[in-house]
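Let's take a walk through this one, a piece at a time. Have the coordinates open so you can follow along.

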Amino acid sequence: MKELKEFFLNINKSFYIIICGLFLLILVSFIDNYIFGSNTEAMNNIEAISAEEAERQNILDEAEKLALSYDYDTAIALLQSYTGYDTYEEMTAAITEYEETKASCVPVNIDEVTHIFYHSLVVDPIRCFGNQENDPQCIGNNQWMTTVSEFEKITQEMYNRGFVLVSIHDLYEFVIDENGNEIIQPATIMLPEGKKAFVLSIDDLSYYHSYDDYGYAAKLIIDENGKVRNEYIDADGNTLVGAYDVVPLLDDFIEAHPDASYRGAKGTIALTGYNGVLGYRTDISYETRHDINWDKQKWLEEHPDFDLETERTEAKRVADAMKEDGWTFASHTWGHKNVGETSLSVLQGDTRRWKENVEPIVGETNTIIFAHGTDLERGLGDYSLTNEKFQYYYSEGYRVFCNVDATKYATHFGTDYLRQGRRNLDGYRIYNNAIGEQDNLSDLFDAKTIIDPDRPPVPPL
Ligand SMILES: [Zn+2]
């Protein structure tokens, strides 16, 4: 009997617990539902607010970047394009700040814009300079080339000294004079007081066959993030991807220091065509195999799957990405011609080859950077009107002409063209400044502190 009573009592207890449990469950689910429901609404509101905030922050960041690159008008216009911008204090404060900075800027004296240039940088000084006794190419490398470490130190030091990279095409503008003729005149570049503008160019960015195994990058490519990088083959034969030459190194520097460049300007790349461009074998001679040197022959034997169209397509992708990023292109003559010593008819054929093989990849250009540092005429005045080579290049659309000149400022405005001398920041110049034999770099940097410790003494030219 006692067992039976306990049995029913237990059933009762269990029933009670189940009822209580069910009730609790309903209550919890009700509360949960209620809280969960209002949470969604609240979270949607928070998300909407934070999305708006994030959008404003993006615009503020973008405007700041533009203002850092001295493009105050675009920065202000961007902020003002945001609906109701004037109700946000951080936006109106930024506009006021940019207007004030813009008003305090002063015009650059275009005659005092220095122009520096490099070749491809030396990644591995040991391989590049190693044999100074018996390899004439190692001697040449030591004289003409700058190392990655020197380039990085120069770039940082010039930035520290207030240098701002401008495009050579920022220096001039074409206007129509009162007689209806097109003339060239200095353009206006406004920079904060104390900043100094400079122009940069890079010669021979073709990654010539002759550079192979000397410790230079092998080509320019676009990596999986869409960035222009180098392919570099190290001493052990490993192919590495990264920043191993001026283009990606400077892209990275300016990305980190937007105030190092005026409105995102980069340098001008002076290209020949005979070995192709940017590390791609884009010249027709690789396909026709007509009259080719042993190094092209050797390269073709090592690349039996060579396809001209593929090379040209890849090179154009890189060139397009570079142009998008502020780089411009110039002719360096197709065959690296010494214009002073080459006949007009040869220069005409040379220009045709450049226009057929290089221009389709990099686009039209009005700029010619003469090879060997030569020029159509000595001095820095107007070209003589009877100079038939000048007339020829002019008729082919060239309006900007550059040579090599160690002087600080070498800019001349002709009637409707520009001439500019460029300073070679190469081993010869750096070494001679570092040892005190020359003093023509000290406005830019102290050569003693930037010279690569792996650079051997540079022999005289
Ligand atoms: Zn050259």
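What follows looks at one strand and its partners, then at one helix and its surroundings. Keep in mind that this is a predicted model.

Start with strand 16, residues 418-424, where 7 of the 7 residues are buried. In a regular strand, side chains alternate between the two faces of the sheet. Here both faces turn out to be covered: Leu418, Gln420, Arg422 and Asn424 are buried on one side, and Arg419, Gly421 and Arg423 are buried on the other.

Now for the partners. Strand 14 (residues 400-404) pairs with strand 16 in the parallel sense through 5 bridges, and Asn403 sits opposite Gly421. Strand 2 (residues 114-118) also runs parallel to strand 16, joined by 2 bridges, with Phe117 opposite Asn424. Strand 15 (residues 411-413) is antiparallel to strand 16, with 3 bridges; Phe413 faces Leu418 there, and the two strands make a hairpin with 4 residues between them.

On to helix 10, residues 308-324. At 1.5 Å a residue, its 17 residues should span 24 Å, and the end C-alpha atoms are indeed 24 Å apart, so the two agree. Its buried residues are Glu311, Arg312, Ala315, Val318, Ala319 and Met322. They cover an arc of only 130° around the axis, which means they lie on the same side of helix 10. What covers them includes strand 8, strand 9, helix 7, strand 12 and helix 12. Turned away from that buried side is the face carrying exposed Glu309 and Glu324. Just after the helix, Gly326 adopts a positive phi of about 105°.

Notes
Residues numbered from 1 in each chain as written. Predicted model: local features only at pLDDT ≥ 70, side-chain atom pairs only at ≥ 80, totals over all residues. Buried ≥ 20, exposed ≤ 12 C-beta atoms within 10 Å, placed from the backbone. Pairing = 2+ DSSP bridges. Expected span 1.5 Å × (residues − 1). Arc of directions from axis to C-beta. Contact = placed C-beta atoms within 7 Å.
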